[in-house]
Amino acid sequence: DGFLAILEKDAKERAKRRKRNEHLANALKEKGNDAFRKGDYVIAIQRYTEGLEKLKDKQELYTNRAQAYLKTHDYEKAIGDCEWALKCNEKCIKAYFLMGKAHLALKRYSESRQCYEKILQIDPQKESLFKDCMNEVNLEEKRMKDEERAMKKVQSGKLAALSIKELLQKLDRPDQNILYYTGGIRLLTGAVKDCTEQTLFRTNNGFSILKDNEIVRRGFCAERKNTAEVDLSVSLLFLWQAVCAGNEENQRLLLTHPDVNAQLPKLLSSGVPEIQKETLALISLYSENENGRRLLVRHQDLTKWLQILMTFVNSADARASSAMNILSDLTQEERFKTQCHVMLSTGVLPLFTQLLTSAKLVNQAALARCIGIMGNLCADVVIRMQMAECKECWQACLKLVDECFDVSTPKYQECLFAVLGLMMNLLLESNVVIQYFAVDISGRCMSLLRDKDGRIVTRAIGVLSRILLASSSAVEEVVKGGVVKKMVTFLKAGGQITSNYGIKTLSICTRSNRQAQEDLVKSDKRFRVLLKLLESENEMIVGNAAFCLGQCLEVPGAATSLLNSNVVMILLKHAGGDATRTLVQKNAAIALGKLCVAEPRHIFQLRKLNGLAILNSSMKYVHTI
């Protein structure tokens, strides 16, 4: 008993001592973190070390100290600390991440990749981090190989390699005429033929030309450029295209240069066609691939870029197409969409509405693409909400639709097609502005149903299928305008997309409008169209067709007209549970119940199919509507 009491006392004392040491270690960790935030990495390392003296198995202290060692370039020590952290916690993602960084700094590319692969094994949700890390390793390995290859060519006396170095040395001469530098830059551009010359440009400090040469820098950064400064700027843009094409390390270095970073949006807005053209060409090198786009998003303030690039819709030349290509590429990046929030209401939407209202005067091919890009940006909820609440935007869309009746050129038709797609996306929202314009929008769509372009007709029906939900007045107007008969005609011949929109439109109209119900009974003799849709493989179409049928069965004689059809068998199949969507089951069950109430003779067919139990279960739906 005495021995056990001693053991128990010793355990309590050790637990108490550990608790006290843990408290001290945490305090030292916080002091280390504070020093790290201030950039005092030596002090941070000291505090983390003191903390580990108090508590040797505290994983956070090892990984924090490893992070500090990375900052002081003590890579082997960082790896050692990560290994100790993994002994404390074998699934420590931070340890593998930091160890991967340390191996990369030591040019151990294989070991670095292995560390990052471990992260993905521990947590498959870290795929994005894994891709970024692996990409960093691949780029660094490629950079080193390129530089080794370039050095071998220099050492072997290759003329092309030597000429890059010589030209850069000549450009380094101070106080020359601006024309001297422009000519030298053009010669240098001509000498850059492949990856080797691109690498030599980088390793011989080619990117420092702006920083080190005041005349070049002043000419490039001038707000209002004279002819010589324009020529210099265009020459620089040509050079950067040559040295950055397909070279991600050069792209990174150029974009992180302060002057280039600041000047890009200014060059785009310069109003000088030659400068704008080559700036767009340079930016395209970044936007057309994922790594380049990430560089743009990371190093550029893109809040004004949507507005700046959109202005090129006014250009009649290739600048418009280049600008739209860049915008289309950038919309793939979520961070770009987020940055677009800043200037959307104050800058972008006023410009966009102006372009829409001036559709006859602008580059219509570019405008169609611009409208499509804005439609794609509507995938972002914040952007979609702001646009859907913009009264001027809806007015501009309607004006463009109105003008299509006067202008029927192929390019204008593309604008119309795009604007209908944009309206469909905006109608995913519901607000008072949409309600206000509902009658006007639906009226324009009814007129477009006569268009010869089937794509436009399909989108017009799509807009109807969404706008009618916003207004009972709009429903009344389109029903008076013969929408039911038109939809039945399209449903007889239409493909799946048209059928989806068309039957949705009919379901909205027949839900609350008696005239629509009667029109459907008259237009769709014996419900041949609805019965065909009920056998579709698309459950959205089936659900809406069953709903329409259920609504129309309230019309006298409608149920009787179905006596010799297979409607009972079809509805029974959907109501009995074959459908994966419960709404399809419910709509089919309601239609089945209404059918038997309106025309009891359908019960005989139901009895033959052993469907009475399903009918009984469906009656609860009938009584609740």
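Trainee: What makes up residues 45–72, helix or strand?

Mentor: In this predicted model, the chain over residues 45–72 is 82% helix and 0% strand. The C-alpha atoms at its two ends are 10 Å apart. UniProt, in an unreviewed entry, lists these residues as "coiled-coil region".

Trainee: Which residues does the UniProt annotation "repeat: TPR" cover?

Mentor: That annotation, also from an unreviewed entry, covers residues 93–126. The span is 79% helix and 0% strand, with its end C-alpha atoms 10 Å apart.

Trainee: Let's turn to the rings. How many aromatic pairs are found in the whole structure?

Mentor: The search finds 7 aromatic pairs.

Trainee: Why is the pair of Y62 and W84 called stacked?

Mentor: Check the distance and then the angle. The ring centres are 6.1 Å apart, and rings pair if their centres lie within 6.5 Å. The planes stand at 15°, and planes under 30 degrees apart count as stacked, so the pair is stacked. The pair also links distant parts of the chain: Y62 belongs to helix α3 (residues 59–71) and W84 to helix α4 (residues 75–88), 22 residues apart.

Trainee: How do you know whether Y62 is buried or exposed?

Mentor: Y62 has 7% relative accessibility. Buried means under 20%, so Y62 counts as buried.

Trainee: And why is W84 called partly exposed?

Mentor: The relative accessible area of W84 is 45%. Partly exposed lies between the 20% and 50% cut-offs, so W84 is partly exposed.

Trainee: What makes the pair of F201 and F207 edge-to-face?

Mentor: The planes of F201 and F207 are at 90°, with 5.0 Å centre to centre. Planes over 60 degrees apart count as edge-to-face, and the pair is described that way. Both F201 and F207 are buried.

Trainee: How do you know that the charged end of K87 sits over the ring of W84?

Mentor: The distance is one part of the test: the charged end of K87 is 4.2 Å from the centre of the W84 ring, and the limit is 6 Å. There is an angle limit as well, within 35 degrees of the ring normal, and K87 is listed as sitting over the ring. R455 likewise has its charged end over the ring of F417, 4.2 Å from the centre.

Trainee: What lines the largest pocket?

Mentor: The lining has 29 residues, and N135, E136, L139, E249 and R252 lie nearest the centre. The pocket holds about 770 Å³ of space. Helix α7 gives the largest share of the lining, 11 residues. By class, there are 9 nonpolar, 5 polar and 15 charged residues in the lining.

Trainee: What is the volume of the largest cavity, and which residues line it?

Mentor: The volume is about 40 Å³. F207, L210, W240, L253, L254, H257 and V260 form the lining. By class, that gives 6 nonpolar, 1 polar and no charged residues. The structure holds 1 cavity of 30 Å³ or more.

Trainee: One last residue: why is W394 called buried?

Mentor: W394 has a relative accessible area of 0%. The cut-off is under 20%, so W394 is buried. W394 lies in helix α24 (residues 391–403). The C-alpha atoms of W394 and I467 are separated by 12 Å, with their positions 73 residues apart along the chain.

Conventions
Residues numbered from 1 in each chain as written. Predicted model: local features only at pLDDT ≥ 70, side-chain atom pairs only at ≥ 80, totals over all residues. Heavy atoms only, no water. UniProt positions renumbered as here; feature names shortened; annotations may be inferred. Helix = DSSP H or I, 4+ residues; strand = E, 2+ residues; numbered from the N terminus. Phe/Tyr/Trp six-rings, centres within 6.5 Å; stacked < 30°, edge-to-face > 60°. Buried < 20%, exposed > 50% of the residue type's maximum accessible area, 1.4 Å probe, protein only. 1 Å grid on protein atoms, 1.4 Å probe; cavity = no way out; pocket = protein on both sides within 12 Å on 5 of 7 lines; lining within 4 Å. Points joined across faces, edges and corners; volume = space filled by probe spheres on them. Nonpolar A, V, L, I, M, F, W, Y, C, P; charged D, E, K, R; others polar.
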